[in-house]
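Me: Please display the model, and then let us discuss its burial, its cores and some individual residues.

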Amino acid sequence: MPTETPPPQRTALRQRLAELRGPRVAPRPLDARALAALAANPGCRRRALLDGAGVDKTALARALGSPAPFGQSQFAHQRGHVFEARVTADGGEQLVALLRERLSDPGPPPPRDGVDAPELVADGPAGRTERTRLALAQATAAGRWAVLMHPMVSVEVAGSPAYLEPDALVVHPDGSWTVVEIKSFPVLDGSADPTKVGAAARQAAVYVLALRELAEAVAADGDPARGVPAARDDARASGDAGLSGPVDGTVGAAGLVRQRALLVCPKDFSNLPTAELIDVRKQLSVTSRQLARLTRIEEIAAELPGDATFDLRLADDGKTPTRPVAELTATVDAVPAAYVPDCLASCELAFHCRQAARAAGAVEVLGRGVRGELGGLTTVEVVLGAALGERPATDPAEPSSAAQEADPAVRALRRAAALRAQALAEAGMAPGPAGRATESGEVAWR
């Protein structure tokens with residue numbers, strides 16, 4: 001069989017990304033966690049370029065002198081594996097039972113030994129992906145419950161396939177599919193950490209996106225006589241994006257992938273599982289836009305000098321970087337970042353970006369909420385100036401203060417400054433000028 005020749009534009013992009021990564025450096029594969037983190041901060045051009053080029057951000061952060069204690073502890077990994085093994089020990093019957101409890105129309109329960117668990121062993125990621133496709137096609141046509149443990153799917157990122165491995169995938173008797181995410185964080189009194197639930201939803205959306213493309217291939221190859229649906233009615237009614245329609249509907253033109261994923265977690269302080277369906281349509285839209293943006297990372301790379309590279313130039317031991325720190329720092333900082341405190345939980349370069357944001361006085365270090373409230377006030381110096389009645393640098397050409405007085409953020413800051421000054425006066429303390437210590441030793445406004 002002749003191999004498909006990639007278009008010249010894609011070849012040029014791959015060459016450029018290889019130059020940025022380093023000519024002798026293998027690309028670091030993207031996983032669902034990395035793609036979900038990209039969706040959580042879609043405005044960060046730095047992460048988009050580094051992930052698209054397959055740069056090892058952990059090694060890069062270490063070479064920059066800002067290593068981050070990123071990732072789960074060994075105990076958390078072990079706890080997660082133990083919990084997942086307990087949930088899936090019966091071949092998927094418990095997962096089906098948990099899913100049916102949450103469905104609005106679960107249908108009749110499966111008979112004894114009525115849940116299929118196809119074998120997905122194959123050589124390499126590409127082989128496992130093809131084996132998953134065949135197993136899904138057979139399970140979709142069988143009209144029975146089936147659970148695929150750790151299937152392998154792929155999605156194209158910056159012209160190259162990224163192989164993803166969901167925890168499980170449930171095939172319903174009607175041929176539709178539900179993504180299953182098994183997490184070790186607990187659900188206490190019916191509630192879980194919203195940050196962790198949001199991260200799980202974004203990760204599930206990455207799997208749904210990859211499965212949506214696979215579903216179109218499975219549906220196109222299906223035989224209607226065997227029951228493989230070419231396109232479900234609810235998908236046609238709600239459109240290709242699947243952002244409306246019934247709550248248990250599907251997304252995608254093929255209409256096979258359900259728009260809600262099953263999140264399975266330990267209940268309270270036990271090791272017993274509980275589950276909830278989470279709607280991933282919003283996360284799916286954000287992830288789709290971010291991946292489309294990754295396919296155009298040549299625009300970001302074009303802004304760098306032609307000889308720019310993130311290569312650490314490792315020594316013969318393969319571990320020690322020989323690249324000058326100042327040179328590497330200049331290359332990294334040449335790509336704009338969009339730091340927010342949430343990056344500390346999802347990006348290996350968060351400490352380096354936070355240090356740069358603090359040095360620049362950027363208000364982003366205070367969080368998304370504060371940044372949104374401040375509007376056009378982008379630095380701490382400007383915020384302090386606005387609070388003290390000085391003209392902020394939102395519009396340096398503005399000769400009058402009319403625009404400042406109309407800005408609700410400026411009015412709120414001045415009101416807060418007046419209240420603070422009043423409180424200090426009542427306590428017998430002078431507020432003092434901005435950034436200078438008062439006689440009592442207090443540093444005002446800082």
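Reply: Buried residues, meaning those under 20% relative accessible area (exposed is over 50%, partly exposed in between; 1.4 Å probe, protein chains only), make up 43% of the 446 residues in the protein. This is a predicted model, in which local features need pLDDT of at least 70 and side-chain atom pairs count only at pLDDT 80 or more, while totals for chains, interfaces and linings use all residues. Residues are numbered from 1 along each chain as its sequence is written, and side-chain values use heavy atoms, with hydrogens and water left out.

Me: How many helices and strands are there in the protein?

Reply: Helices (H or I, at least four residues) and strands (E, at least two) are DSSP runs, numbered from the N terminus. On that basis, the protein has 17 helices and ten strands.

Me: Which helix gives the most to the largest nonpolar core?

Reply: A nonpolar core is a set of buried Ala, Val, Leu, Ile, Met, Phe, Trp, Tyr and Cys residues joined through side-chain atoms within 4.5 Å. The largest one holds 48 residues, and those touching the most other members are Leu-35, Leu-136, Val-155, Leu-164, Trp-177, Val-179 and Leu-211. With 14 residues, the element that gives the most to this core is helix α8 (residues 194–221).

Me: How many residues does the other core, apart from it, have?

Reply: Among the members of this other core are Val-55, Ala-59, Ile-297 and Val-335. It lies apart from the largest core, and its size is 32 residues.

Me: Which backbone oxygen does the side chain of Thr-88 reach?

Reply: Thr-88 is placed in helix α5 (residues 74–88). Leaving aside residues up to four places away in sequence, Thr-88 touches Leu-95, Met-149 and Ile-182, where contact means heavy atoms within 4.5 Å. At 2.8 Å, its side chain reaches the backbone oxygen of Glu-84.

Me: Is Asp-113 buried or exposed?

Reply: Asp-113 is placed in the loop between α6 (93–102) and β1 (115–116). Its phi is near 55°, a positive value in a residue other than glycine. With a relative accessible area of 59%, Asp-113 is exposed.

Me: What is the relative accessibility of His-150?

Reply: His-150 lies in the loop between β2 (145–149) and β3 (153–157). Although it is not a glycine, His-150 has a positive phi of about 50°. His-150 counts as partly exposed, its relative accessibility being 28%.

Conventions:
A polar contact is a pair of N or O atoms within 3.5 Å; within protein, one must be able to donate a hydrogen and the other to accept it, and residues adjacent in sequence count only if both atoms are side-chain atoms.
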